[in-house]
Amino acid sequence: MRFPMNPLRPVAPEEQAPGVHPTPLWSVRPQSDRQAGDAVVSNFLLHWFPAKVSKASLDWNYSFWLGTVSAALLLLLTLSGFPLLFLYVPSIERAYSSIKDIEFAVTFGSWIRSVHRFSAHLMVAAVFLHLARVFLTGAYKNGIGQGQRREWNWVIGVVMLLLTLFLSFTGYLLPWDQLAYWAVTVGTNIASSIPFVGDPIRELMLGGRTIDQPTLIRFYVLHVLVLPGVLGLLLVYHMWRIRKDAGLARADRAARLEAPAVVTPGQTKTYTLLGVARGTAPTVRTTALETPDTTVNSVPDLTRRAMIVTLGTIAVLSIMSVFLRSPLEEAANALVTPNPAKAPWYFLWLQEIVTLTTVRIGSFTINGAFLGGVILPGLLVGLLTVWPWLDRSPSAAAGVWFPQSRRTQNIVFLVLVLLILTLTFVGTFMRGPYWQLYWPWETWPDIPTRL
Amino acid sequence: MSDKAQAGPRAEPVTFFKKNRREFLLRLGTGAGIAAIGYQGVASLRSLVPNVSYDAPTTVKVGLPGDFPDGLKFLPDLRLFVFREGKVYHAISAVCTHLGCTVRAEALSQPERRSVGGQELRLTHRFQCPCHGSRYEGDGTNVSGPAPKPLAWYQLSVAPDDGQLVVDLAAEVDHDFRLTVA
């Protein structure tokens, strides 16, 4: 067979052997299955895709491509972070004015900062929605493949959500405005509310006993180096695990649809090359995966959609940032706490919880900072982490939206999400001066900002 | 392994070192490697714990007693309220005991007298926190909101050299503390 990949170059017979590729280039419009497979094998950026992928797992309305959206936002954050890295000065005297320069003096500075800021906000939302999708479809469940460890990819995902939140937190500290200063105050005091080890932890976070230059440089290094590095490594592992786990849970589902009776012993499909030799890789023995109507070539079917999602995300953010400016509060002022002092929207439910959870039992008082700031979020994260091991539903429930066998847990999950959203709404629209409750349409009383 | 082959009178008590020299060296090397990397990790982390504090001093002169107005004066950089009633002074922290925001004082329309710490005290203000809505009475007692305990009272004294009031932000005192300046 000859392939019209590079018509100028004749294909020598030895180059047609498996694993030998006629040309290092690849086509985005492959003319044959062989060409489509070659794209995956010969292109570095595509090597994490399988040659063939289950059609059903590409459906827009199964995954909503939220993981890809999150990854695209991370890419955008990295790209927009680079110019900011050159423009921002991590010093408590100059941080605020350098952000002001970016906002008002640097050409395109305001746009770059908006891209960075809105990407960060949307990434929190996208990563959370991705987690919700995976939970509601039971996609952390193992299906028919041997050696699948989807529950561990879920755990990595939970860690990545926490990293996303911590990246956002460290990010909005950097302008060293009032939002930043009082967020550090509250955030580190939550840490110091932990019995016995709290104060040393706070001192380690602050680099001293008060919020000062060592504090800013610590959060800066975490934001630009440590956290993105860890998140990047975990992202790569997250993607690799999808391959090891034989694709999305939906793919297993598709394989299950055909009757397994027609399986012939010799027909196996493995997802890794090394797995063949070791016999440890997930192997799916089914005819459904082999039939042409359930699978498609990764190139171009998967790559096309991934590009649509990535470029779409970049386009939306770029255009949005032209029209929406990023706010900046007054410069950090240790002498005046803003009234009310509000966290960004994704932390407002936590601000509500620390407000509501101070418990008094007789003369004994548990600070809401500890109960609502450490214990309750810790329990939530702990429960999320171990949930795949508590979920006893059959593996047939993997990769399906709202299956009957997972109805109760899905409802409990949604109720918790609704609770968090309600608290977020209350914090955003119903808290006024001195954190008092007001209706969203009520006018706040006029309270002087200074004594 | 080889000791079984040389079955003889000394076959049993071969030393650990001779018996498993290869394994012993492997363990020694691995252990040394772990210890070295661990110590470097500890050293790197330890370097982040400051040995020298550049924090502001906790004992601060705040001005001559006569310059304080009757009632309340807020010292924002110390986050401190200094109260004066005639010749009697006391100081209450403005740091909320919940999560450390600065509480704001609100003057009462009608000052009230109350026994605080066994002594009578005139309460002219109450305090509210802008971060999570904690409320305190004029003597710092927490009355509502998430604050777990009352605002701290700090020790006041008169500097022997120039007669200024001195506050010690490291010395918390009971609510019966009063400084009377002659």
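Which residue in β6(B) does Arg113(B) stand opposite? Figure 2 has the answer, and the views around it fill in the rest of this predicted model.

**Figure 1. Chain B, from helices to strands.** Start with the overall layout before zooming in. Chain B is built from three helices and eleven strands. Follow the sequence along and you get the pattern α-α-α-β-β-β-β-β-β-β-β-β-β-β. Of the 182 residues in this chain, 27% are buried. Now take the contacts in chain B with a separation of 6 or more: residues 24 or more positions apart account for 43% of them.

**Figure 2. Strands β5 and β6 of chain B, side by side.** Here we look at β5(B), residues 104-116, and β6(B), residues 119-128. The two strands pair in the antiparallel sense, with nine bridges between them. Back to our opening question: the partner of Arg113(B) is Arg122(B), so to speak its opposite number in β6(B). Have a look at the hairpin too, where two residues sit between the strands. In that hairpin, Gly117(B) takes a positive phi near 65°.

**Figure 3. On to β7 of chain B.** Strand β6(B) has another neighbour to show you: β7(B), which covers residues 135-136. Two bridges join β6(B) and β7(B), and they run antiparallel. Find Gln128(B) and look across from it; you should land on Arg135(B) in β7(B). This hairpin has six residues between its strands. Once again there's a glycine to spot, since Gly133(B) takes a positive phi near 75°.

**Figure 4. A look at chain A.** Time to switch chains. Chain A contains 15 helices and six strands. It has 451 residues, and 36% of them count as buried. For contacts in chain A with a separation of 6 or more, 70% are accounted for by residues 24 or more positions apart.

**Figure 5. Where chain A meets chain B.** In this view, 29 residues of chain A are in contact with 25 residues of chain B. Which elements of chain A give two or more residues to the side that touches chain B? They are α7 (178-192), α13 (348-356) and α14 (368-390). The largest share comes from α7(A), which gives five residues. What about the classes of residue on this side of chain A? There are 15 nonpolar, 13 polar and one charged.

Notes: Residues are numbered from 1 along each chain as its sequence is written. Chains are lettered from A and ligands numbered from 1 in the order in which they are written. This is a predicted model: local features need pLDDT of at least 70, side-chain atom pairs count only at pLDDT 80 or more; totals for chains, interfaces and linings use all residues. Two residues are in contact if their C-beta atoms, placed from the backbone, lie within 7 Å. Helices (H or I, at least four residues) and strands (E, at least two) are DSSP runs, numbered from the N terminus. Ala, Val, Leu, Ile, Met, Phe, Trp, Tyr, Cys and Pro count as nonpolar, Asp, Glu, Lys and Arg as charged, and the others, Gly among them, as polar. A residue is buried if 20 or more other C-beta atoms lie within 10 Å of its own, exposed if 12 or fewer, and partly exposed in between; C-beta atoms are placed from the backbone. Two strands pair if DSSP finds at least two bridges between them.
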